[in-house]
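Colleague: Could you take a close look at one part of this model for me? I'd like a walk through a single spot and whatever surrounds it.

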Number of protein chains: 2
Amino acid sequence: MSKKPRFDRQQVIEKATNLYWGKGYHATSMRHLQDAIDMRPGSIYAEFGSKDGVFKAAIEYYVQVSLDQLEQLRAQSDSPLNTLQRFVRLVVIESRQNAPSSMCLLAKTVAELTEEQGELFEQAKAALKRVEDAFAKLMTEAQQHNEISKQKDPQQLARLLQIQITGLRVYAKTCDDIEILEAMIEDVFAHSQSGLNGVQ
Amino acid sequence: MSKKPRFDRQQVIEKATNLYWGKGYHATSMRHLQDAIDMRPGSIYAEFGSKDGVFKAAIEYYVQVSLDQLEQLRAQSDSPLNTLQRFVRLVVIESRQNAPSSMCLLAKTVAELTEEQGELFEQAKAALKRVEDAFAKLMTEAQQHNEISKQKDPQQLARLLQIQITGLRVYAKTCDDIEILEAMIEDVFAHSQSGLNGVQ
DNA sequence: ACTTTAATTGAACGATCGTTCAATATATAT
DNA sequence: ATATATATTGAACGATCGTTCAATTAAAGT
């Protein structure tokens, strides 16, 4: 004896995520959200509680998609290292065409927010950490496959990869020349390779 | 037969820069600016024209300070490569203590803004390019000092350095553990070294 | 001392912000 | 069909946004 919501929660969150991803936290207003997800204020507040509530759902959705993508790439290749390489290509190159921003939503959020939005900031940090942990897991697997030196700390290698990706994706926002961008990825990975492989 | 302004333009711009640097473009309101620089709306608009005008002045001031710092470090050492290393330490480590944000204001701005704020976005991009060019100049000098391989493209090396710094400074915002951060810089530079030195 | 000119003030503007809520609509249970 | 419960609507709230401008203040020229 009730009434079910008419909106598709998953689709709504996806649209909200894309909007926040493109415009950033502060530049995205409730009015923008209302238009993007085609819901009126009352419904949004009933479902998410606040503008920040929608943002939290967006962050959670984004990190889940990212981890799923990584897992999917892993299933397509025997090589953990190659999986990471293809992930980098995916987020730095292909993301430029389809995604709302060349940047990672999580890194963008960490860059934009301060302690004033403490809860959201911490959530974005934690989400980045989850991605880093997924990287570290693949690094460990790469060690078991003898793709990288076993003397390296997988977590440290994961951190290094995060830094490379973040730097690349910010740079991608300033760089229209796709050739330069390709060369940057190649260079960054050449460096990572020498770092990853240790003394050889 | 006139009246000179009572405020110190340089000091005002410095305070405005620090505010924008810490809070970002969208989160900084005119009210915040009024309080930070101790000027009333009329005076601000007479001097800078708009909120964006203040931001433009901030960007210009920031890039000028950065280039000055680089030049100053260069004067303290014979080694161009060592100059770059000390610059990285300066902006990644020491900046954490004093600066309004661990991040570079220019990178932060490029990360936050979109085509909606086209003029400011382009200015921040151009400012980043000026820093990159300064890096490239030092890379060329480093080649002349036989500190790095002459086969490398200085501009490409400069781009690579920018990416490393950007990645590091974003990561610095998520990382409270200073030891991890130190290790990251060491690692990043170890990679850069191998890249910079070419075949040895 | 008086005039001139520009710098400064602060109230106020319309627009938009995030949010609330009484009114309405509608799916489900009886 | 009717009652019940809840999803949805959209006007409206007070706060704050960037900005304007008539009034005031004060330094410089005569």
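Modeller: Sure, and keep in mind that this is a predicted model. Let's start from A:His32: setting aside neighbours within four places in sequence, its contacts are A:Leu19, A:Lys23 and A:Ala27. A:His32 itself is part of helix α2 of chain A, which covers residues 30-37. With a relative accessibility of 33%, A:His32 counts as partly exposed, because that value falls between the 20% limit for buried and the 50% limit for exposed. Another residue to look at from here is A:Tyr20, which is 12 residues away from A:His32 in sequence and 9.7 Å away in space, C-alpha to C-alpha.

Now pick up A:Lys23 from that contact list, since it takes us over to the other chain. The side chain of A:Lys23 forms a salt bridge with that of B:Glu116, at 2.8 Å from N to O. Between chain A and chain B the count is 2 salt bridges, and there are also 11 residue pairs in polar contact, both partners at pLDDT 80 or more. On the chain A side, α1 (9-23), α6 (105-112), α7 (118-144), α8 (154-174) and α9 (178-197) each supply at least two of the residues that touch chain B. The largest share is that of α8(A), with 12 residues. Sorted by class, this side of chain A has 17 nonpolar, 12 polar and 10 charged residues.

As for the whole interface, 39 residues from chain A and 39 residues from chain B take part in the contact. The area buried between the two chains is about 3,400 Å², and carbon and sulfur atoms give 64% of it.

While we're at it, have a look at helix α2 of chain B, residues 30-37, where the buried residues are B:Met30, B:Leu33, B:Gln34 and B:Ile37. They sit on the same side of α2(B), because the arc they cover around the axis is only 100°. The general background is that an α-helix has 3.6 residues a turn, so residues three or four places apart point the same way. What do the buried residues of α2(B) pack against? Their partners are α1 (9-23), α3 (41-48) and α4 (51-75) of chain B. On the face turned away from the buried side, α2(B) carries the exposed residues B:Arg31 and B:Asp35. Finally, just after α2(B), you'll find B:Asp38 with a positive phi of about 55°.

Note on methods: Residues are numbered from 1 along each chain as its sequence is written. Chains are lettered from A and ligands numbered from 1 in the order in which they are written. This is a predicted model: local features need pLDDT of at least 70, side-chain atom pairs count only at pLDDT 80 or more; totals for chains, interfaces and linings use all residues. Side-chain values use heavy atoms; hydrogens and water are left out. Buried means under 20% relative accessible area, exposed over 50%, partly exposed in between (1.4 Å probe, protein chains only). Helices (H or I, at least four residues) and strands (E, at least two) are DSSP runs, numbered from the N terminus. The arc is that of the directions from the helix axis to the C-beta atoms. Contact means heavy atoms within 4.5 Å. Buried area is the accessible area (1.4 Å probe) that two parts lose on being put together, summed over both. A salt bridge is a side-chain nitrogen of Lys or Arg within 4 Å of a carboxyl oxygen of Asp or Glu. A polar contact is a pair of N or O atoms within 3.5 Å; within protein, one must be able to donate a hydrogen and the other to accept it, and residues adjacent in sequence count only if both atoms are side-chain atoms. Ala, Val, Leu, Ile, Met, Phe, Trp, Tyr, Cys and Pro count as nonpolar, Asp, Glu, Lys and Arg as charged, and the others, Gly among them, as polar.
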